[in-house]
Amino acid sequence: MTVIRRRQERIAVILPILRKLYPDAKCSLNFKNPLQLLVATILSAQCTDERVNKVTEGLFKKYRSAGDYASVPREELEKDIQSTGFFRNKAKSIRAMAQALVDHHGGQVPRTMEELTDLAGVGHKTANVVLGNAFDINVGIVVDTHVARISGRLGLTRRDDPVKIERDLMEAVPKEHWTLWPHLLIQHGRALCTARNPKCERCPLLQYCPAGKVFIKERKKD
Ligand code: SF4
């Protein structure tokens, strides 16, 4: 049996278990339209989603369109997003991204990976988040630290590079679940499969998880 086939079969078993465990798994950034999600995702770099949600609560009331972000003085936007960290770079990216939306896309967020990653401050991961969660377009799988760690533990990839991890996952996860998969793993990473001391004894995935069995064996030795 090929490696890909084995991964597909493992995911076919794991996915329903995770969906049952985390029925409400979804994007944890608050947004009401694609522009809001794009801004929130840029702000979420090196910042918790909780903090971003606090900041965007007021930000989205003040800035309603791409033109609003493009025309605000840099210092003012920096002040508005300061508490998310790296605020100078983020303000620069948001203003440049918004200007490009006004100049080339009629103020609207485009719906393709190529157009999105052409925008300032928008990388592959951000584009994946926006396409999947704002437009329901599955073009890739978001790989963050939880997704990378847990996919490796579950034996779904042997890679460290997020681009290669994404490729392995795209071969094995059914396309209609590409957006959901990272939300499930992020919740699992917070609840049970934590970076340190994962709660394998309580994890319903244990029997399908090569790393879990090793963790438990090692703990018995201690
Ligand atoms: S068994 Fe342990 S390592 Fe495997 S998914 Fe569950 S918590 Fe993570």
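**Secondary structure and overall form**

I began with the secondary structure of this predicted model and found 12 helices and zero strands. Read along the sequence, the pattern is α-α-α-α-α-α-α-α-α-α-α-α. I then took the extent of the C-alpha trace, which spans about 60 × 35 × 30 Å along its principal axes. The protein has 222 residues, and 47% of them count as buried.

I also looked up how the contacts are distributed along the sequence. Among contacts with a separation of 6 or more, 60% are between residues 24 or more positions apart.

**Helix H2**

Next I turned to helix H2, residues 34-43. How many of its 10 residues are buried? I found nine, so the helix is largely enclosed by the rest of the structure. The buried residues are Leu35, Gln36, Leu37, Leu38, Val39, Ala40, Thr41, Ile42 and Leu43.

I asked which helices the buried residues of H2 pack against. The list I noted is helix H3 (49-62), helix H4 (66-71), helix H5 (74-81), helix H6 (87-104), H7 and H8.

**Gly121, between H7 and H8**

I placed Gly121 in the loop between helix H7 (113-117) and helix H8 (124-135). Leaving aside neighbours within four places in sequence, Gly121 is in contact with Ile42 and Ser93. Ile42 is one of the buried residues of H2, so I entered this contact beside the notes on that helix.

Is Gly121 buried, partly exposed or exposed? The relative accessible area is 44%, and Gly121 is therefore partly exposed. I also took one distance to Tyr63, which is 58 residues away along the chain: the C-alpha atoms of Gly121 and Tyr63 are separated by 18 Å.

**Two residues with positive phi**

I looked up backbone angles next. Most residues other than glycine have a negative phi. Gln46 has a positive value, near 55 degrees, and is not a glycine. I located Gln46 in the loop between H2 and H3. With a relative accessible area of 68%, Gln46 is exposed.

Asn197 also has a positive phi, about 45 degrees, and is not a glycine. I found Asn197 in the loop between helix H11 (180-191) and helix H12 (210-221). The relative accessible area of Asn197 is 60%, so I recorded this residue as exposed.

**H11 and the N-terminal part of the chain**

I checked two residues for contacts between H11 and the start of the chain. Leu15 lies in helix H1, residues 3-21. At 7% relative accessibility, Leu15 counts as buried because the cut-off is under 20%. Leaving aside neighbours within four places, I noted contacts from Leu15 to Pro174, His177, Trp181 and Leu184. Leu15 and Leu184 are 169 residues apart in sequence, and I read a C-alpha to C-alpha distance of 8.6 Å.

Gln187 is found in helix H11. Which residues does Gln187 touch, not counting those up to four places away in sequence? I listed Tyr22, Asp24 and Ala25. Gln187 and Tyr22 are 165 residues apart along the chain, with their C-alpha atoms separated by 7.1 Å. Gln187 has a relative accessible area of 30% and is partly exposed.

**The ligand**

Where does the ligand sit? I found the ligand in the largest cavity. The residues around the ligand are Arg153, Leu154, His188, Cys193, Pro198, Cys200, Cys203, Leu206, Cys209, Gly212 and Phe215. By class, I recorded eight nonpolar, two polar and one charged residues in this shell.

I then looked at two cysteines of the shell. Cys200 surrounds the ligand with the others and, at 7% relative accessibility, counts as buried. Cys209 is part of the list too, and is buried with a relative accessible area of 10%.

Given the cysteines in this list, I asked how many disulfides the structure holds. I found zero.

Terms used. Residues are numbered from 1 along each chain as its sequence is written. This is a predicted model: local features need pLDDT of at least 70, side-chain atom pairs count only at pLDDT 80 or more; totals for chains, interfaces and linings use all residues. Side-chain values use heavy atoms; hydrogens and water are left out. A disulfide is a pair of cysteine sulfur atoms within 2.5 Å. Buried means under 20% relative accessible area, exposed over 50%, partly exposed in between (1.4 Å probe, protein chains only). A residue is near a molecule or strand if one of its heavy atoms lies within 4 Å of it. On a 1 Å grid over the protein atoms alone, a cavity is a set of points where a 1.4 Å probe fits but cannot get out, and a pocket is an open set with protein on both sides within 12 Å along at least five of seven lines; lining residues have an atom within 4 Å of a point. A molecule sits in a cavity or pocket if more than half of its atoms lie within 2 Å of its grid points. Ala, Val, Leu, Ile, Met, Phe, Trp, Tyr, Cys and Pro count as nonpolar, Asp, Glu, Lys and Arg as charged, and the others, Gly among them, as polar. Helices (H or I, at least four residues) and strands (E, at least two) are DSSP runs, numbered from the N terminus. Contact means heavy atoms within 4.5 Å.
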